[in-house]
Amino acid sequence: MRASTVNLLACPACRGDLLLRKRLAHRGEVLEGSLVCSRCGAEYEISNGIPRLLPSPARRRACLPVPQPMSSTRPLGPVSITQASSTRLM
Ligand SMILES: [Zn+2]
């Protein structure tokens, strides 16, 4: 695969961006290496120039979505703080 192809790929588990780690490249083609998800940390092998983007059962545990309490549990947190600071006491 070409190194630029990584921009077109996404993690099959979480759709996160993939980072390319080359081990062997020739004329812009990555022959051996791996793709690492920047979001969930899953790693996918590149062998013979072909990225293996199939999540195996063994790797699925590493692909669990990372809990993000700030965005899910209190969506109105920052808004309410802003409103409280601008509330007039009169
Ligand atoms: Zn991922």
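Strands are here DSSP runs (E) of at least two residues, and helices are runs (H or I) of at least four, both numbered from the N terminus. The legends below describe close-up views of a predicted model.

**View 1. Overall order of the secondary structure elements in the protein chain.** Three helices and four strands are assigned in the chain. Read from the N terminus on, these elements follow the order β-β-β-β-α-α-α. The chain comprises 90 residues, of which 13% count as buried. Of the contacts between residues at least 6 apart in sequence, 34% join residues at least 24 apart.

**View 2. The open four-stranded sheet.** The strands are arranged in the order S1-S2-S3-S4, and their pairing is antiparallel. S1 and S4 occupy the edges; each has a single partner strand, so one side of each is without a neighbour in the sheet. S1 spans residues 18-26 and S2 spans residues 29-37, whereas S3 covers residues 43-47 and S4 covers residues 50-51.

**View 3. The hairpin of S1 and S2.** Eight bridges link S1 to S2 in the antiparallel sense. Within this pairing, Lys22 lies opposite Gly33 of S2. Two residues separate the strands, and Arg27, located in the turn, adopts a positive phi of about 55°.

**View 4. The hairpin of S2 and S3.** S2 pairs with S3 over four bridges, again in the antiparallel sense. Two cross-strand positions can be followed here: Leu35 is opposite Tyr44 in S3, and Val36 has Glu43 in S3 as its bridge partner. Five residues lie between the two strands, and in this hairpin Gly41 has a positive phi near 85°.

**View 5. The hairpin of S3 and S4.** S3 and S4 run antiparallel and are joined by two bridges. Ile46 has Pro51 of S4 as its bridge partner. Two residues lie between the strands of this hairpin, with Asn48 in the turn. Asn48 belongs to the loop between S3 and S4. Its phi is near 55°, a positive value in a residue other than glycine. Asn48 is exposed, because only residues with 12 or fewer other C-beta atoms within 10 Å count as such, and Asn48 has 8.

**View 6. The two faces of S3.** Tyr44 and Ile46 form the covered face of the strand, while Glu43, Glu45 and Ser47 form the uncovered one. Both residues of the covered face, Tyr44 and Ile46, recur in the largest nonpolar core. Glu43, on the uncovered face, is the residue that bridges to Val36.

**View 7. The largest nonpolar core.** Ten residues make up this core, namely Met1, Cys11, Ala13, Leu18, Val30, Leu35, Cys37, Ala42, Tyr44 and Ile46. At least two core residues come from each of S2 and S3. The greatest contribution is that of S2, which supplies three residues. In soluble globular proteins, nonpolar side chains tend to be buried together.

**View 8. The surroundings of Leu35.** Leu35 is a member of the largest nonpolar core. When residues up to four places away in sequence are left out, Leu35 touches Val6, Leu9, Leu18, Leu19, Leu20, Tyr44, Ile46 and Pro51. Among these contacts, Leu18, Tyr44 and Ile46 are also residues of the core. Tyr44 is in addition the residue of S3 that stands opposite Leu35, and Pro51 is the bridge partner of Ile46 in S4.

**View 9. Ser4 and Arg15 in the segment before S1.** Ser4 is located in the segment before S1, as is Arg15. Ser4 is exposed, with 10 other C-beta atoms within 10 Å. Ser4 and Val30 are 26 residues apart along the chain, and their C-alpha atoms are separated by 9.7 Å. Val30 is one of the residues of the largest nonpolar core. Arg15 has a positive phi of about 65° although it is not a glycine. Arg15 is exposed as well, with 10 other C-beta atoms within 10 Å.

Note on methods. Residues numbered from 1 in each chain as written. Predicted model: local features only at pLDDT ≥ 70, side-chain atom pairs only at ≥ 80, totals over all residues. Pairing = 2+ DSSP bridges. Buried ≥ 20, exposed ≤ 12 C-beta atoms within 10 Å, placed from the backbone. Core = buried A, V, L, I, M, F, W, Y, C linked by C-beta atoms within 7 Å. Contact = placed C-beta atoms within 7 Å.
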